[in-house]
Amino acid sequence: MARFRYSLQNILNIKEKMETQAKQEFGTAQAALNVETEHLERLKERRREYEEQSARLLKGKLDLRAIEENKEALLKMDSIVATQAIRVERAKENVEAARERMAEAMKERKMHETLREKAFEAFLQEENHAESKAIDELTSYTYGQKNR
């Protein structure tokens with residue numbers, strides 16, 4: 001029996017490597033998004049602490065300097081939080097782009113695997129046909145030898 005050799009196996013191997021690379025890029029982008037999101041949450045928590053401190057400063061003995069510093073800190077934190085929110089959005093866009101590249105790579109690999117499976121099925125049909133032909137020839141030869 002002949003051995004099956006898929007003529008586009010090199011391309012299939014490349015597609016598998018591309019899919020693996022796309023999965024790694026997606027994982028990296030997802031990890032970066034997680035880091036940026038955690039940083040944003042820490043900043044928001046810090047801002048809440050400044051708000052609580054502001055409320056405490058307004059309740060007790062009024063210290064205008066401390067109140068003003070707290071107000072400046074809150075404004076600065078608003079700016080930092082807004083900047084971090086933009087970073088989180090960019091990270092989300094990167095994750096989405098990486099997910100789309102990964103989905104495309106998976107689709108291409110699956111397409112080539114389907115082509116390989118179809119080529120293998122065609123190979124098996126050819127082999128079965130050749131085997132049937134050989135059996136028929138052998139049967140005809142054996143029958144012809146008996147009739148002589």
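In the predicted model, Lys15 counts as buried, at 17% relative accessibility. The cut-off for a buried residue is a relative accessible area under 20%, and Lys15 is therefore placed in this class by its value of 17%. Lys15 is part of helix H1. Residues up to four places away in sequence aside, Lys15 is in contact with Glu108, Arg109 and His112.

One of these contact partners, Arg109, also belongs to a network of salt bridges that links Glu19, Lys23, Arg109 and Glu113. Within this network, the side chains of Glu19 and Lys23 form a salt bridge with an N to O distance of 3.4 Å. Glu19 and Lys23 are four residues apart in helix H1, so about one helical turn separates them. The two residues fall into separate accessibility classes: Glu19 is buried, with a relative accessible area of 5%, whereas Lys23 is partly exposed, at 41% relative accessibility.

Side chains of opposite charge can pair when their charged atoms come close. In the whole structure, a search finds 12 salt bridges. Two further pairs connect helix H1 with helix H2. In one of them, Arg101 forms a salt bridge with Glu25, and the closest N and O atoms are 3.6 Å apart. This pair links distant parts of the chain, since Arg101 is in helix H2 and Glu25 is in helix H1, with their positions 76 residues apart in the numbering. Both partners are partly exposed: the relative accessibility is 44% for Arg101 and 34% for Glu25. In the other pair, Arg47 forms a salt bridge with Asp78, the closest N and O atoms being 2.2 Å apart. Arg47 lies in helix H1 and Asp78 in helix H2, so this salt bridge ties together parts that are 31 residues apart in sequence. Asp78 is partly exposed, with a relative accessible area of 31%.

Helices H1 and H2 also take part in a nonpolar core. The largest nonpolar core has 10 residues, namely Ala29, Leu33, Leu40, Leu43, Met77, Val81, Val88, Ala91, Val95 and Ala98. At least two residues of this core come from each of H1 and H2. The most is given by H2, which supplies six residues. Two members of the core, Ala29 and Ala91, can be described through their contacts. With neighbours within four places in sequence left aside, Ala29 is in contact with Asn94, Val95 and Ala98. Of these partners, Val95 and Ala98 are also listed in the core.

Ala91 lies in helix H2, which covers residues 64–147. Ala91 is buried, with a relative accessible area of 7%. Apart from residues up to four places away in sequence, Ala91 touches Leu33 and Glu36. Leu33 is itself a member of the core. The C-alpha atoms of Ala91 and Ala66 are separated by 36 Å, and these two residues are 25 residues apart along the chain.

Another buried residue of helix H2 is Asn70. Its relative accessibility is 4%, so Asn70 falls under the 20% cut-off for a buried residue. The side chain of Asn70 reaches the backbone oxygen of Tyr50 at 3.2 Å. Residues up to four places away in sequence not counted, Asn70 touches Tyr50, Gln53, Ser54 and Leu57. Tyr50 thus appears both in this list of contacts and as the partner of the Asn70 side chain at 3.2 Å.

Other residues have a share of their area accessible. Ile11 lies in helix H1, which covers residues 9–59. Ile11 is partly exposed, with a relative accessible area of 35%. Patches are made of residues with over 30% relative accessible area, and the value of 35% for Ile11 is therefore above this cut-off. Together with Leu8, Met111 and Leu115, Ile11 makes a nonpolar surface patch of about 310 Å².

Ser132 lies in helix H2 and is partly exposed, at 39% relative accessibility. Ser132 and Arg90 are 42 residues apart in sequence, and their C-alpha atoms are 63 Å apart in space.

Key
Residues are numbered from 1 along each chain as its sequence is written. This is a predicted model: local features need pLDDT of at least 70, side-chain atom pairs count only at pLDDT 80 or more; totals for chains, interfaces and linings use all residues. Side-chain values use heavy atoms; hydrogens and water are left out. Patches are made of residues with over 30% relative accessible area and no salt bridge: like charges are joined within 9 Å, nonpolar side chains (Val, Leu, Ile, Met, Phe, Trp, Tyr) within 5 Å. Accessible areas come from the Shrake-Rupley method with a 1.4 Å probe; for residues, only the protein chains shown count as cover. A salt bridge is a side-chain nitrogen of Lys or Arg within 4 Å of a carboxyl oxygen of Asp or Glu. Buried means under 20% relative accessible area, exposed over 50%, partly exposed in between (1.4 Å probe, protein chains only). Contact means heavy atoms within 4.5 Å. A nonpolar core is a set of buried Ala, Val, Leu, Ile, Met, Phe, Trp, Tyr and Cys residues joined through side-chain atoms within 4.5 Å. A polar contact is a pair of N or O atoms within 3.5 Å; within protein, one must be able to donate a hydrogen and the other to accept it, and residues adjacent in sequence count only if both atoms are side-chain atoms.
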